[in-house]
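Grab a viewer and work through these exercises on side-chain contacts. Try each task yourself before you read its solution.

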Amino acid sequence: MATATVATAAPTAPSYDTPEGVDIRGRYDPEFAGILTRDALAFVAALQREFRGAVRHAMERRREAQRRYDAGELPRFDPATRFVRDGGWTCAPVPPAVADRTVEITGPAEPRKMVINALNSGAKVFMADFEDALSPTWENLMRGQVNLRDAVAGTITFDDAARGRTYRLNEQTAKLFVRPRGWHLPEAHVLIDGEPALGCLVDFGLYFFHNHAAFRAGQGGGFGPFFYLPKMEHSRYMTVTVTVSLYTYQSHKHRCSVSDTYALQRFCNREARIWNGVFERAEQAAGIEKGSIRATVLVETLPAAFQMDEILHELRDHSAGLNCGRWDYIFSYVKTFRAHADRLLPDRALVGMAQHFMRSYSHLLIQTCHRRGVHAMGGMAAQIPIKDDAAANEAALELVRKDKLREARAGHDGTWAAHPGLIPAIREVFEGHLGGRPNQINADAATATAGDRITEDDLVQPPVGARTVDGLRLNTRVGVQYLAAWLAGSGSVPLYNLMEDAATAEISRVQNWQWLRHGAALEYAGGVAVRATPELLARVLEEEMARVEAEVGADKFRNGRYAEAGEIFGKQCTAPELDDFLTLDAYNLIVEHHPGASSPCKL
């Protein structure tokens, strides 16, 4: 793995004022110092120290589960939590400020102008992203925190000298949700007790510390802040065998008589439970009511689809529903079944919501959320306007309308868009279907999913469709270009009239890997079938790199990080073992340490 760059710091350079045990290795900037205050860092450090052990355990449980899937096991509903799925409980009532979430726009927390445009887009919600849509460079992360602080305060502006225009917030703006990074991602610029901090706790902690009071007093209407939580997976149990003697143990689920030997189940890891603990600790530290923080969980991993009730139950005081993170979900399907030769995906363009396993997951999410009284959010429309072809643009918009009408009729309460240009069309579809209602939470009987009973087999049914050399080429071209942009500091990249983020690049990578691993037969011109091999990928990569250079221009290609990206992408697609995440493997290539950026501290 590559090593981080170390820059030489000036002897008299100013530094961050850090509490004991905290060391900042990112570049010093006076604006960043307003975010990285001593008290804010102490809050982040307290979260890290309390929850890092549980997170490490959760990551090991993920690896353990993957080993079982590699051995042939399939994800299933956990029999130990049937009492949760069958129970009549509900989540806390929806905050009035976010009852209407018919259309949400997503985008990175940096650049600043994009944040302003998203808040002014006409969407009901803007999800500011520190995860898949953001390359986690130090500059991006810290400027993102500055942007969100100013957005919550209502003071954010941007002077565009090239256009002679100043951007500022409209009177009416979207409600702000923030997505921190997943549990698996470190923050190498912030060391706590000598080790990298958890990226998600840095993102959450800094934003919450600086903004909870202003958010609750303003757009939250007494609630908040609001969050999206990514990449959640497992709820695992540990079986403990005990011999009970001289007394009787009884609960709502088990009864043990004298001298009985009984297998009692206890929770040993719940990823949602960790987040709930973080929220409760933050509320206690801020002196605000329990349940103020609300979060929507992205169901974007295959294991999580079998634990929707369990996730909501853990977060029931803090839940703002679930979202169909469908691109990451496809990525997770491949990763989960990486060793299963009978579950190869067709070309990624064919893996849409019409596939049975995708439709089933969407319908189960709607049923689960509405039964528990929270929002069931639909998936991303990744199209972007085609400015030089009106007919092609209208055709793309029509595909968006059809997809969103399907979601609304199925029972989704709202949906995602990647570009402001899609907002009017999506609002028209959802508002027309809802007929003045803010959501469909209490109208499930009228939706298309009401009579469905989703089974375990429905959720894992293999997708159908062709696998082609053209699909291998597109995967390679998209993966390389996205990774080159990510290495250069951009995590949200327009490619071929779609807004690509890490999720779609991940699909490209893992699908190539899976096809090569199992020697998939790929259709070629004239109906000829060729086998996916490392040699075929090497030839495709060479040819697609030449095509990318022709498309972007020789100067941009030479001055960008395309060659580096091509090398990384090729290695990951041919690795003996599938890397968990594309960006995790490349992360050290964007880390730049500045020794002396923080004041000396004792460890």
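**Exercise 1. Find what surrounds arginine 179, and place the residue in the fold.**

Step 1: list the neighbours. Leaving out residues up to four places away in sequence, arginine 179 touches Met127, Ala128, Asp129, Phe130, Glu131, Asp132, Ala133, Tyr228, Pro230, Leu298, Glu300 and Trp416; contact here means heavy atoms within 4.5 Å.

Before going on, a word on the model. It is a predicted one, where local features need pLDDT of at least 70 and side-chain atom pairs count only at pLDDT 80 or more, while totals for chains, interfaces and linings use all residues. Residues are numbered from 1 along each chain as its sequence is written, and side-chain values use heavy atoms, with hydrogens and water left out.

Step 2: pick out the polar partner. The side chains of arginine 179 and aspartate 129 make a polar contact at 2.6 Å. (That term takes a pair of N or O atoms within 3.5 Å; within protein, one must be able to donate a hydrogen and the other to accept it, and residues adjacent in sequence count only if both atoms are side-chain atoms.)

Step 3: place the residue. Arginine 179 sits in strand S7, residues 175-179. Helices (H or I, at least four residues) and strands (E, at least two) are DSSP runs, numbered from the N terminus.

Step 4: check burial. With a relative accessible area of 4%, arginine 179 is buried. The cut-offs are under 20% for buried, over 50% for exposed and partly exposed in between, using a 1.4 Å probe and protein chains only.

**Exercise 2. Which residues does the UniProt annotation "active site" cover, and what is the largest C-alpha distance?**

Step 1: read the record. The unreviewed UniProt entry puts its "active site" annotation on Arg179 and Asp501. UniProt positions are given in the numbering used here, feature names are shortened, and annotations may be inferred rather than shown by experiment.

Step 2: go from sequence to space. They are spread over 323 residues of sequence, yet they cluster in space, with a largest C-alpha distance of 14.0 Å.

Step 3: look at aspartate 501. You'll find aspartate 501 in the loop between strand S20 (498-500) and helix H16 (502-517), and it is buried at 18% relative accessible area. Its contacts, again without residues up to four places away in sequence, are Asp132, Ala133, Tyr482 and Gly491. Asp132 and Ala133 also turn up among the residues that arginine 179 touches. The side chain of aspartate 501 reaches the backbone nitrogen of alanine 503 at 2.9 Å.

**Exercise 3. Describe how the rings of tyrosine 16 and tyrosine 28 pair.**

Step 1: set the rule. Rings of Phe, Tyr and Trp (its six-membered ring) pair if their centres lie within 6.5 Å; planes under 30 degrees apart count as stacked, over 60 as edge-to-face and the rest as tilted. The structure holds 24 aromatic pairs.

Step 2: apply the rule. Tyrosine 16 and tyrosine 28 are 4.7 Å apart centre to centre with 50 degrees between the planes, a tilted pair.

Step 3: locate both ends. Tyrosine 16 lies in the loop between strand S1 (5-6) and strand S2 (22-24) and tyrosine 28 in the loop between S2 and helix H1 (30-33), so the pair ties together parts that are 12 residues apart in sequence.

Step 4: compare exposure. Tyrosine 16 is buried at 1% relative accessibility, whereas tyrosine 28 is partly exposed at 25%.
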